[in-house]
Amino acid sequence: MTVKSADRVLDILEAVAQGHDSFSQLMSALGIPRSSLFQLLGNLTARGYLLQDAASSRYSLGEKIVDLAKRRPAPALQAVVLPLLQRLSQETSETTGFYVRDGDHVTAIATQTGGQALAYTMRVGEKAPLYAISSGKIALSHMSDQEIKAYLARTEFESFTPQTLATAKQVWEQIRLAREEGFAYAREEFTIGITGIAAAVVVRGDLIGSINLAVPTVRFSRTSAALIRQRLRSASTEMAAMIEAAGLRRRG
């Protein structure tokens, strides 16, 4: 069941948005009786949903409509990044993920498994210390030196593999390289047989998160690494634009 008066209000707003901006045009287009249309237009104007030009008496949508649109919940970050991860995975045939910083860890909020028989499975919700994986090193590289020193002072290095970083000096060297190159690596430091590479996704100076590729080390050659870096650079730029357009500014 519909409410006639509510339908009329919505019809008026839609008609004005389509360019029916005069009283006579609205009455002709909508078939609303003159007295009812006059009252409805008066109410909508008084509430700020319509504006009426003093000289021409023509109507336009008011700022209240814009205000309501701004309050529309932004799409979840996961929903924004997942389609691009899927495309990146198809282009590289490797597993991809999007990680955000979570205190002294990074957490995967979206993943796509690669299409090859030998592929790493990255799970949503998977968490790792900042020093242990490439996305974590990206997060560290975007922290201030003071924040990094405080982080390292409170960190007890856990050994996940024989290659896991174990000293503050090693972490600083990885941070320096990430800042210089724009990419961070984890060479079998979290999972034996897997090399990770990540790039930052930055919106207006804020680190939102990072895109990570998990590649079996046997496939991570100089040629494949160059292609992956190219794809990652392009994907991170495109993803930043999509996140900004969606109105999401969550820090990673």
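## Exercises on a predicted model

Residues Lys 137, Leu 140 and Ser 141 of helix H6 meet Val 171, Gln 174, Ile 175, Ala 178 and Arg 179 of helix H8. Keep in mind that this model is predicted. Now let's work through it.

### Exercise 1: Two helices that meet

Sort the residues in the contact of H6 with H8 by class, then find how the two helix axes cross.

*Solution.*
- Step 1. Go through the residues by class: the contact of H6 with H8 has four nonpolar, two polar and two charged residues.
- Step 2. Turn to the axes: those of H6 and H8 come within 9 Å and cross at roughly 80°.
- Step 3. Put a word to that angle: H6 is roughly perpendicular to H8, because angles of 65 to 115 degrees count as roughly perpendicular.

### Exercise 2: The two sides of H7

Work out which residues of helix H7 are buried and where they sit around the axis.

*Solution.*
- Step 1. H7 covers residues 145-154, and its Ile 148, Tyr 151 and Leu 152 are buried.
- Step 2. These three cover an arc of only 95° around the axis, so they are on the same side of H7.
- Step 3. Here's the general idea behind it: an α-helix has 3.6 residues a turn, so residues three or four places apart point the same way.
- Step 4. Flip to the face turned away from the buried side of H7, and you find the exposed residues Gln 146, Lys 149 and Ala 153.
- Step 5. What covers the buried residues? The cover includes helix H6 (134-141) and helix H8 (168-181).

### Exercise 3: Reading the sheet

Write down the strand order of the open sheet, and say which strands stand at its edges.

*Solution.*
- Step 1. Six strands form the sheet, in the order S5-S4-S3-S8-S7-S6, and their pairing is antiparallel.
- Step 2. Strand S5 (127-129) and strand S6 (183-187) stand at the edges; each has a single partner strand, so one side of each is left without a neighbour in the sheet.
- Step 3. Neighbouring strands aren't lined up exactly: on average they are turned by 30° against each other, direction ignored.
- Step 4. Add a helix: H6 packs on this sheet, where it touches strand S3 (95-102), strand S4 (105-112), S6, S7 and strand S8 (206-216). The direction of H6 makes about 140° with that of S6.
- Step 5. Helix H9 (residues 222-245) lies across S3, S6, S7 and S8, and runs at about 35° to S7.

### Exercise 4: Following the bridges

Find how many bridges join S6 to S7, S7 to S8 and S3 to S8, with a residue pair for each.

*Solution.*
- Step 1. Five bridges link S6 with strand S7 (residues 194-203) in the antiparallel sense. Ala 186 has Gly 196 in S7 as its bridge partner.
- Step 2. Move on to S7 and S8: they pair in the antiparallel sense over 10 bridges, and Ile 194 stands opposite Pro 216 in S8.
- Step 3. S7 and S8 also form a hairpin with two residues between them, and Arg 204 in that turn has a positive phi of about 50°.
- Step 4. S3 and S8 pair antiparallel too, over five bridges, with Thr 96 opposite Leu 213 in S8.
- Step 5. How covered is S8? Mostly: 11 of its 11 residues are buried.

### Exercise 5: Checking single residues

Decide whether Thr 107, Ser 57, Glu 188 and Gln 163 are buried or partly exposed.

*Solution.*
- Step 1. Start in strand S4 with Thr 107. Its relative accessible area is 13%, so Thr 107 is buried, because buried means under 20%. Contacts of Thr 107 beyond its sequence neighbours within four places include Phe 98, Tyr 99 and Val 100.
- Step 2. Ser 57 lies in the loop between strand S1 (50-52) and strand S2 (59-61). With 38% relative accessible area, Ser 57 is partly exposed. Ser 57 also has a positive phi of about 65° although it is not a glycine.
- Step 3. Why point that out? Because most residues other than glycine have a negative phi.
- Step 4. Glu 188, in the loop between S6 and S7, has a positive phi as well, near 60°. At 21% relative accessibility, Glu 188 counts as partly exposed.
- Step 5. Finish with Gln 163, in the loop between H7 and H8, which is partly exposed at 45%. Gln 163 is 26 residues from Glu 189 in sequence, but their C-alpha atoms are 4.7 Å apart in space. Leaving aside neighbours within four places in sequence, Gln 163 is in contact with Arg 187, Glu 188 and Glu 189.

Definitions and conventions:
Residues numbered from 1 in each chain as written. Predicted model: local features only at pLDDT ≥ 70, side-chain atom pairs only at ≥ 80, totals over all residues. Heavy atoms only, no water. Buried < 20%, exposed > 50% of the residue type's maximum accessible area, 1.4 Å probe, protein only. Helix = DSSP H or I, 4+ residues; strand = E, 2+ residues; numbered from the N terminus. Arc of directions from axis to C-beta. Contact = heavy atoms within 4.5 Å. Pairing = 2+ DSSP bridges. Axes fitted to C-alpha atoms, helices over the stretch in contact; angles between N-to-C directions. Parallel < 35°, antiparallel > 145°, perpendicular 65-115°, else oblique. Nonpolar A, V, L, I, M, F, W, Y, C, P; charged D, E, K, R; others polar.
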